[in-house]
Amino acid sequence: MATSWDDIAADWDKDKSTGEYANKAFESLSGIINIQGARVLDFGCGTGLLCQKLSPLAKEIVALDSSEAMIEQLDRKELE
């Protein structure tokens, strides 16, 4: 069976590819919608790498993930 998301949450942000994916997702979203002042639902947010990019622009972000450990990593970032 695959490793659980909780097991890899602590090191998730250290993987270069996860940051690159968040950057590409942000660029793609920015090209489609105006994020400034938007209300965002980040379903499957993981550790919140995309939320970090959206946070300075969005009015509100609801971040959901099935992994409690991933959400704990996001909470440590103390995003606005």
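Partly exposed refers to a relative accessible area between the 20% that bounds buried residues and the 50% above which a residue is exposed. With that in hand, here are four close-ups of this predicted model.

**View 1. Trp5 in helix α1 is partly exposed.** Helix α1 covers residues 5-8, and Trp5 belongs to it. How accessible is Trp5? Its relative accessible area is 48%, so Trp5 counts as partly exposed. Once the neighbours within four places in sequence are set aside, Trp5 is in contact with Trp12, Ser67 and Met70. If you would like a distance to check on screen, take the C-alpha atoms of Trp5 and Cys51: they are separated by 18 Å, and the two residues are 46 apart along the chain.

**View 2. The largest pocket and its lining.** Its volume is about 360 Å³. Of the 17 lining residues, Trp12, Tyr21, Gly44, Cys45 and Gly46 are the closest to the pocket centre. Trp12 may be familiar from the previous view, as one of the contacts of Trp5. Which helix gives the most to the lining? That is α2, with four residues. Helix α2 spans residues 16-32, and both α2 and α3 supply at least two residues of the lining. Sorted by class, the lining holds nine nonpolar, six polar and two charged residues.

**View 3. Ser55, a buried loop residue.** Follow the chain out of α3 (49-54) and you meet Ser55 in the loop that leads to β2 (60-64). Is Ser55 buried or exposed? With a relative accessible area of 14%, Ser55 falls under the 20% limit and is therefore buried. Leaving out neighbours within four places in sequence, the residues in contact with Ser55 are Ile61, Leu79 and Glu80. For Glu80 there is an atom pair to look for: its backbone oxygen lies 3.3 Å from a polar atom of the Ser55 side chain.

**View 4. Glu78, with a positive phi after α4.** Helix α4 runs over residues 68-76, and Glu78 is found in the segment after this helix. What is the phi of Glu78? The angle is near 45°, a positive value in a residue other than glycine. Most residues other than glycine have a negative phi, so a positive one is worth a look. Glu78 has a relative accessible area of 69%, so this residue is exposed, whereas Ser55 in the previous view is buried.

Terms used: Residues are numbered from 1 along each chain as its sequence is written. This is a predicted model: local features need pLDDT of at least 70, side-chain atom pairs count only at pLDDT 80 or more; totals for chains, interfaces and linings use all residues. Side-chain values use heavy atoms; hydrogens and water are left out. Buried means under 20% relative accessible area, exposed over 50%, partly exposed in between (1.4 Å probe, protein chains only). A polar contact is a pair of N or O atoms within 3.5 Å; within protein, one must be able to donate a hydrogen and the other to accept it, and residues adjacent in sequence count only if both atoms are side-chain atoms. Contact means heavy atoms within 4.5 Å. On a 1 Å grid over the protein atoms alone, a cavity is a set of points where a 1.4 Å probe fits but cannot get out, and a pocket is an open set with protein on both sides within 12 Å along at least five of seven lines; lining residues have an atom within 4 Å of a point. Grid points are joined across faces, edges and corners, and a volume is the space filled by probe spheres set on the points. Ala, Val, Leu, Ile, Met, Phe, Trp, Tyr, Cys and Pro count as nonpolar, Asp, Glu, Lys and Arg as charged, and the others, Gly among them, as polar.
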